[in-house]
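Dear colleague,

Please find below the structure that I am handing over to you. I would be grateful if you read the notes after it with the model open.

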Amino acid sequence: MSALQTQRSRSEASKSADVARKAVHYPFWFGGSASCCATLFTHPLDLVKVRLQTQPAAGAKLNMSQMFAHIAKTDGIGGLYRGLSAAQLRQMTYSMTRFGVYEALKERFTTADSKPSFLTLVGMASVSGALGGVAGNPGDILNVRMQHDAALPPAQRRNYRHALHGVVRMARDEGVASLWKGVWPNSARAVLMTVGQLATYDGFKGALLNHTPLTDGLATHFTASFLAGFVATTICSPVDVIKTRVMSSHAKEGIVKLVTDITRQEGLSWMFKGWVPSFIRVGPHTVLTFLFLEQHKKYYRQFKGVD
């Protein structure tokens, strides 16, 4: 056997081992924990995205760098982390649910002889995302409100001190049902985001392992998660704008009327309003989440003695 054939055989054996070790049963909360870790780094980008999406149609528009400077000048550097407690609550409900359900379904439908097809992964991700969207809606709406609060006139600010204070205030002042305001556009976005992140990450990762010399390491995880972040940002952008407008609004109006109004005022360009800051947030957040998740899994395997 030639040296090249020997190298290929070793590479294929390594990849087979990488795939085989995925049969380990991981804790349900790993996805939520990894997402919380990523949020510590990407929250300022999410806040700027929300502020850009909720800028009024009339008047001067700030771009991303100008919005960063404006927030830092008016609220201080700490203002870039406004609403962090709500963001963490969201990740521990929304991301923990969607990652946990997705991994449980994938484990159930994976056997020693076969793995789920990409379309099956899309179906699993859709179910997981819908459940995550419902579970994470209170945290999501608080996240949007707390990030947007400083941009409102003082008389209109809600002044939530932290996420739990916001939950109590919303339930008391607006009714418990208000915690699920905008749940349908949020769940639709969660479906698209979960398909764009989890299913495509697995798809890209499988393609890289099967069709390139890469093995199951940081280079593969980074490349697959970066591509997944690009896909997720693009397919989620229209729903993300609608979700942000609905959750930050004081008025009660239907989604159809909202879409009609913003299309009339801004044209179809509203569908990708804030795409760049969205990608700048979703891209790094997706990369960091999967890097943290893979490290969670790596150390868990070592702890269990599987490797």
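The notes below cover salt bridges, one helix, one surface patch and one loop residue.

The model is a predicted one, and the remarks that follow should be read with that in mind.

Salt bridges

Side chains of opposite charge can pair when their charged atoms come close. With a nitrogen of Lys or Arg required to lie within 4 Å of a carboxyl oxygen of Asp or Glu, the count comes to 11 salt bridges. Three of the pairs are described here.

Glu 103 pairs with Lys 297, and the closest N and O atoms of this salt bridge are 3.5 Å apart. Distant parts of the chain are linked in this way: Glu 103 belongs to helix H4 (residues 84-109) and Lys 297 to helix H11 (residues 275-304), with their positions 194 residues apart in sequence. Glu 103 has a relative accessibility of 22% and therefore counts as partly exposed, whereas Lys 297, at 8%, counts as buried. The two residues also belong to a network of salt bridges that links Glu 103, Lys 106, Asp 202 and Lys 297.

Arg 145 forms a salt bridge with Glu 174, where the closest N and O atoms are 2.8 Å apart. This pair, too, links distant parts of the chain, as Arg 145 is in helix H6 (residues 137-148) and Glu 174 is in helix H7, 29 residues apart. The relative accessible area of Arg 145 is 3%, so this residue is buried; that of Glu 174 is 40%, so Glu 174 is partly exposed.

A further salt bridge joins the side chains of Asp 173 and Arg 172, at 3.1 Å from N to O. Asp 173 counts as partly exposed because its relative accessibility is 48%, while Arg 172, with a relative accessible area of 58%, is exposed.

Helix H10

Helix H10 comprises 12 residues (residues 255-266); at 1.5 Å a residue these should span 16 Å, and the end C-alpha atoms are indeed 16 Å apart, so expectation and model agree. The buried residues of H10 are Leu 258, Asp 261, Ile 262 and Glu 266. Viewed down the helix axis, these buried residues fall within an arc of 100 degrees, and therefore they line one face of H10. On the face turned away from the buried side, H10 carries the exposed residues Val 256 and Arg 264. Just after H10 comes Gly 267, which takes a positive phi of about 75 degrees.

Surface patch and loop

Which residues form a nonpolar patch on the surface? They are Val 134, Val 176 and Trp 180, and together they have about 260 Å² of accessible area. Of these, Val 134 is placed in helix H5 (residues 118-135) and is partly exposed, with a relative accessible area of 37%.

Lys 181 lies in the loop between helix H7 (163-174) and helix H8 (183-211). Its relative accessible area is 22%, so Lys 181 is partly exposed. Lys 181 and Val 246 are 65 residues apart in sequence, and their C-alpha atoms are 7.9 Å apart in space.

Yours sincerely

Technical notes: Residues numbered from 1 in each chain as written. Predicted model: local features only at pLDDT ≥ 70, side-chain atom pairs only at ≥ 80, totals over all residues. Heavy atoms only, no water. Helix = DSSP H or I, 4+ residues; strand = E, 2+ residues; numbered from the N terminus. Expected span 1.5 Å × (residues − 1). Buried < 20%, exposed > 50% of the residue type's maximum accessible area, 1.4 Å probe, protein only. Arc of directions from axis to C-beta. Patch = residues over 30% accessible without salt bridge, like charges linked within 9 Å, V, L, I, M, F, W, Y side chains within 5 Å. Areas by Shrake-Rupley, 256 points an atom, 1.4 Å probe, with all protein chains shown as cover.
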